[in-house]
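This report covers cross-links, charge pairs, backbone outliers and surface character. Please look at the structure below first.

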Amino acid sequence: QVQLVESGGGLVQPGGSLRLSCAASGSILSISHMGWYRQAPGNQRELVARISGGGSTNYADSVKGRFTISRDNAKNTVYLQMNSLKPEDTAVYYCNAYLGSSGWSWKDYWGQGTQVTVSS
């Protein structure tokens, strides 16, 4: 069984920073891309940032220059460094990983979500 566990969310003032972490554990054989999505109340879930197994990254236009995604393959962990946070970044942030588990079954896995609130 595979689990993604997120941490690092919380309340921060506008202009502040937060760092999210997501660790994958269980019967993992290989991880392809990993990413972060977010969903604000009344909105659809949207891609924030994604990183490939080789380290290539892509970002939503709204976070370019402010957020940085990275991964530690040895720890099966993905990070999201969020700087210059704005109130519109407030949302539940979800970790995602496309990985192969026991028996080389490939599928998408999701974390439980972590709340990020940007407010003064």
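Leu-29 sits in strand 4. Its relative accessible area is 44%, so Leu-29 counts as partly exposed. The model is a predicted one. Leu-29 joins Trp-104 and Trp-106 in a nonpolar surface patch. That patch covers about 330 Å².

## Disulfide

How many disulfides does a search of the whole structure find? The search returns one. The partners are Cys-22 and Cys-95, with 2.1 Å between their sulfur atoms. The S-S torsion of Cys-22 and Cys-95 is about -80°, so this disulfide is left-handed. The bond ties together distant parts of the chain. Cys-22 belongs to strand 3 (residues 18-26), and Cys-95 belongs to strand 9 (residues 91-101). The two cysteines are 73 residues apart. Are they buried or exposed? Both Cys-22 and Cys-95 are buried.

## Salt bridges

Side chains of opposite charge can pair when their charged atoms come close. A search of the whole structure finds four salt bridges. Among them are the three in this table.

| Pair | N to O distance |
|---|---|
| Arg-38 and Glu-46 | 2.8 Å |
| Arg-38 and Asp-89 | 3.0 Å |
| Asp-61 and Lys-64 | 3.1 Å |

Arg-38 appears in a salt bridge with Glu-46 and in another with Asp-89. The Arg-38 and Asp-89 pair links distant parts of the chain. Arg-38 lies in strand 4 (residues 28-39). Asp-89 lies in the loop between strand 8 (77-82) and strand 9. The separation of Arg-38 and Asp-89 along the chain is 51 residues.

Which residues make up the network of salt bridges? Arg-38, Glu-46, Arg-66 and Asp-89 are linked in it.

Why does Arg-38 count as buried? Its relative accessibility is 6%, and the cut-off for buried is under 20%. Asp-89 is buried too. Glu-46 has 35% relative accessibility, so Glu-46 counts as partly exposed. The network therefore includes a buried Arg-38 and a partly exposed Glu-46.

Asp-61 pairs with Lys-64. The relative accessible area of Asp-61 is 64%, so Asp-61 is exposed.

## Positive phi

Most residues other than glycine have a negative phi. Two residues in loops merit a look here. Asn-76 has a positive phi, near 50°, and is not a glycine. Where does Asn-76 lie? Asn-76 is in the loop between strand 7 (67-72) and strand 8. Its relative accessibility is 24%, so Asn-76 counts as partly exposed.

Ser-84 also departs from the negative range: its phi is positive, at about 50°, although Ser-84 is not a glycine. Ser-84 is placed in the loop between strand 8 and strand 9. With 41% relative accessibility, Ser-84 counts as partly exposed. Asp-89, the partner of Arg-38, is found in the loop between strand 8 and strand 9 as well.

## Recap

The one disulfide joins Cys-22 and Cys-95, both buried. Arg-38, also buried, has salt bridges to Glu-46 and Asp-89. Asn-76 and Ser-84 carry positive phi values. The nonpolar patch is made by Leu-29, Trp-104 and Trp-106.

Notes: Residues are numbered from 1 along each chain as its sequence is written. This is a predicted model: local features need pLDDT of at least 70, side-chain atom pairs count only at pLDDT 80 or more; totals for chains, interfaces and linings use all residues. Side-chain values use heavy atoms; hydrogens and water are left out. A disulfide is a pair of cysteine sulfur atoms within 2.5 Å. Helices (H or I, at least four residues) and strands (E, at least two) are DSSP runs, numbered from the N terminus. Buried means under 20% relative accessible area, exposed over 50%, partly exposed in between (1.4 Å probe, protein chains only). A salt bridge is a side-chain nitrogen of Lys or Arg within 4 Å of a carboxyl oxygen of Asp or Glu. Patches are made of residues with over 30% relative accessible area and no salt bridge: like charges are joined within 9 Å, nonpolar side chains (Val, Leu, Ile, Met, Phe, Trp, Tyr) within 5 Å. Accessible areas come from the Shrake-Rupley method with a 1.4 Å probe; for residues, only the protein chains shown count as cover.
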